Amino acid sequence: MNTLTLSVSALLFDMDGTLVCSTGDVEKVWRLWCQRHQLAPELVLAMCHGMRSREVIRALAPQLDVEREAARIDELEMLHTGGDAIAGAGELLGRLSPELWAIVTSASERVARHRLNCAGLPLPHVLVGAEAVINGKPDPEPYLLGAERLGISPARCLVFEDAPAGIESALRAGCTVVQVGGDAPLNPAVVAVIRDWREVRVVSGKGESLLVMLSMQGANQE
């Protein structure tokens, strides 16, 4: 297994499937929602990972009241949350200075804080949730806002993501992207694929930089 070292100024993390094992919870919520509206879940489950509920509902059930249904999804997510942290996540986040990392998630801020608490993970000083942006992932707005709130150029931010929509969002924002989970990069611009946080080490570099050392499964190498 190869090692890649990156010099960056800040880390931006997705939450579901990246820091928290919540994929099962997310799919359960959407199945319940589909059942309520007598919709086939297959299309919804193929689209929902990494995207705000608003975008999913608008695309697949435009006949419904988007804001009302997004609020309903939010309530279901509060009821059906119980995922553990992905291995090594707590240890890594606990060692980072609060001003050097943020969470950028398609979940609402309320759901995000609840999931992080349930998983025993520290709460960030900067959390960009669904309601903080006009356009959710795969639009670049969420990651641009995360970088802005940290006061760091997107080009100096390293993003950790697990879903195609989030990866696209981060890349369009101008960030470098590491994929969490999977056997191969979901986008050719992903620089590395890690299985979990035990394959990541972060130390202080020169000046205000961070050195991020990754034990890679796969990478986009020239």
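A nonpolar core is taken here as a set of buried Ala, Val, Leu, Ile, Met, Phe, Trp, Tyr and Cys residues joined through side-chain atoms within 4.5 Å, where buried means under 20% relative accessible area, exposed over 50% and partly exposed in between (1.4 Å probe, protein chains only). The structure is a predicted model, in which local features need pLDDT of at least 70 and side-chain atom pairs count only at pLDDT 80 or more, while totals for chains, interfaces and linings use all residues. Residues are numbered from 1 along each chain as its sequence is written, and side-chain values use heavy atoms, with hydrogens and water left out.

The overall dimensions make a convenient starting point. The chain has 222 residues and a radius of gyration of 17 Å, in agreement with the value near 17 Å for a compact globule of that length; the radius is taken over C-alpha atoms, and the globule rule is 2.2 Å times the number of residues to the power 0.38. Along the principal axes, the C-alpha trace spans about 55 × 35 × 30 Å. The secondary structure comprises 8 helices and 9 strands, assigned as DSSP runs (helices H or I, at least four residues; strands E, at least two) and numbered from the N terminus. Buried residues make up 51% of the chain. The accessible surface comes to about 10100 Å², 49% of it belonging to carbon and sulfur atoms, as computed by the Shrake-Rupley method with a 1.4 Å probe, with only the protein chains shown counting as cover for residues. Among contacts (heavy atoms within 4.5 Å) with a separation of 6 or more, 62% are between residues 24 or more positions apart.

Turning to the interior, the largest nonpolar core holds 34 residues, of which Leu11, Phe13, Phe160 and Trp197 touch the most other members. Helix α6 gives the most to this core, with 4 residues. A second, separate core has 21 residues, including Leu12, Cys157, Ile167 and Val190. Beyond its neighbours within four places in sequence, Leu11 is in contact with Leu96, Leu100, Trp101, Ala102, Leu150, Leu158, Phe160, Val202, Leu210 and Val212.

Two further leucines show how distant parts of the sequence meet. Leu19, in the loop between β2 and α1, is buried, because its relative accessibility is 1%. Leaving out residues up to four places away in sequence, Leu19 touches Phe13, Asp14, Ala85, Ile86, Ala89, Leu93, Ile103, Leu121 and Trp197. Leu127 is found in strand β4 and is also buried, with a relative accessible area of 5%. Its C-alpha atom is separated by 9.6 Å from that of Phe13, although the two residues are 114 apart along the chain. On the same basis of excluding neighbours within four places, Leu127 is in contact with Ile103, Thr105, Glu109, Ala112, Arg113, Leu116 and Arg149.

Among the helices, α1 (residues 23-37) has 15 residues and reaches 21 Å from its first C-alpha to its last, close to the 21 Å expected, the expected span being 1.5 Å times one less than the number of residues. In α1, Asp25, Val26, Val29, Trp30, Trp33 and Cys34 are buried. An α-helix has 3.6 residues a turn, so residues three or four places apart point the same way. The buried residues of α1 pack against α2 (41-47), α3 (53-60), α4 (66-79) and α6 (109-119). For α7, the buried residues are Pro142, Tyr143, Leu145, Gly146, Ala147 and Leu150, and these pack against β2 (10-13), β3 (101-104), β4, β5 (157-161) and α8 (164-172).

Some backbone details also deserve a look. Gln38, in the loop between α1 and α2, has a phi near 55°, a positive value in a residue other than glycine. Gln38 is exposed, with a relative accessible area of 75%. Just after α7, Gly151 takes a positive phi of about 75°. The peptide bond from Lys137 to Pro138 is cis, with omega near 15°, and Pro138 is found in the loop between β4 (127-128) and α7 (141-150).

Finally, the cysteines were examined for disulfides, each defined as a pair of cysteine sulfur atoms within 2.5 Å. The count comes to 0. For Cys48, the nearest cysteine sulfur, that of Cys34, is 8.4 Å away; Cys48 is buried, with a relative accessible area of 3%. For Cys157, the nearest cysteine sulfur is that of Cys175, 5.2 Å away, and Cys157 is buried at a relative accessible area of 0%.
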